[in-house]
Amino acid sequence: MAGYLFIAPWVVGFLIFTLGAMIYSLVISFSDYNLATNSATPVGFANYAQLFEDPKVGLALGNTLVYALMAVPLEIAFALFLAMLLARVGRGAGFFRTVYYLPKMTPTVATASVFLLLLNGNSGAINKGLALIGIEGPQWLVDPAWVKPSIVLMTLWTVSGTMVIFLAALKNVPRDLYEVASLDGAGPVRQFFAITVPMISGAIFFNVIVLTIAAFQVFDQAYLLFWRDQSNASPESSLFYAVYLFQQAFRQFDFGFAAAMAWLLFMIIMIITFIQMKFGNRFVYYEGDDNR
């Protein structure tokens, strides 16, 4: 009884603000919802049919997919790199872990403001740094080909949550495995692929799933860099699915269509996660399990 009482606030919050909101959004996705009068006129599957008629839905989905394919591998690689650096730190490990985790605590609006300055094509610090080594930097926030990489760079700033998970996994790898491998003549690269990657494959698998789900819901970075001034001058390559959903709901006030968009995204994420669970699980090493 004590346990149920302790989790009761979360359960009530979940039932009202998450599950309840999901059910309500499913209901209004089959209607023409009017926020002013809080009334809904049933329209059947019209909102879902509009998903296939609106070209911007396909454009936003395509942009989101490309972003996910770019961001997830880079986030995994960068977070693992940082985790391996921290795992080697002896003195001052707590200090460096805190410093590396601070970007995660920075408000997204503040981060976006900094990156607007860093990524400025004419006077940004990144392009000035590239110019010092003879490279002409691109127009990060204007050139459609560089819009998504600029958002990926901003996303990489906050990989510390993923880094912490990798760091915990690395700490659990038995050190004697590396000692035996060294005696057998295995170098650092061979040890990484033969020992480290298999032993932390569970953490990699978990992070890939979580980051993929987050990538398909990317909103803050794109909205703050390109869409917060409500300008139509923003490049179409920055129109992500969650941004377009937000526009339909809170600018066009077409809540029925926005709810249908949300449920389409929910189904897409469910399908992708199922595929990842079905096929990715085969590459995960479970200690003591021969059927892998």
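Begin at helix α11 in this predicted model: α11 provides six residues to the lining of the second largest pocket, the largest share of that lining. Select α11 as residues 201–216, then add the other helices that each supply at least two lining residues, namely α3 (55–88), α4 (93–105), α5 (108–118), α7 (144–156), α8 (160–171) and α12 (220–227). The space they border has a volume of about 480 Å³.

To centre the view on this second largest pocket, select E75, K104, T155, T158 and Q221, which lie nearest its centre among the 26 lining residues. Colouring the lining by residue class will show 13 nonpolar, ten polar and three charged residues.

Next, move to the largest pocket, which holds about 670 Å³ of space. Select S25, Q217, L245, A262 and W263; of the 23 residues that line the largest pocket, these lie nearest its centre. Then display α1 (2–28), α13 (241–250) and α14 (255–280), each of which supplies at least two residues of the lining. Helix α14 gives ten residues, the largest share of the lining of the largest pocket. Coloured by class, the lining of the largest pocket comprises 20 nonpolar residues, three polar residues and no charged ones.

The tour now turns to the aromatic side chains. The model contains 18 aromatic pairs. Select Y24 and Y33 for one example: their ring centres are 6.4 Å apart and their planes meet at 85°, so the pair is edge-to-face, the cut-off for that class being over 60 degrees. Is each of these two tyrosines buried or partly exposed? Y24 is partly exposed, because its relative accessible area is 44%, a value between the limits of 20% and 50%. Y33 has a relative accessibility of 10% and therefore counts as buried.

A further pair is found by selecting W140 and W146, which are also edge-to-face, with 5.1 Å from centre to centre and 70° between the planes. W140 is buried, because its relative accessibility is 8%, whereas W146 is partly exposed, with a relative accessible area of 33%.

To finish, return to Y24 and Y33 and extend the selection to F219, Y223, F246, F250, F253 and F255; ring pairs link these eight residues into a cluster.

Terms used
Residues numbered from 1 in each chain as written. Predicted model: local features only at pLDDT ≥ 70, side-chain atom pairs only at ≥ 80, totals over all residues. Heavy atoms only, no water. 1 Å grid on protein atoms, 1.4 Å probe; cavity = no way out; pocket = protein on both sides within 12 Å on 5 of 7 lines; lining within 4 Å. Points joined across faces, edges and corners; volume = space filled by probe spheres on them. Helix = DSSP H or I, 4+ residues; strand = E, 2+ residues; numbered from the N terminus. Nonpolar A, V, L, I, M, F, W, Y, C, P; charged D, E, K, R; others polar. Phe/Tyr/Trp six-rings, centres within 6.5 Å; stacked < 30°, edge-to-face > 60°. Buried < 20%, exposed > 50% of the residue type's maximum accessible area, 1.4 Å probe, protein only.
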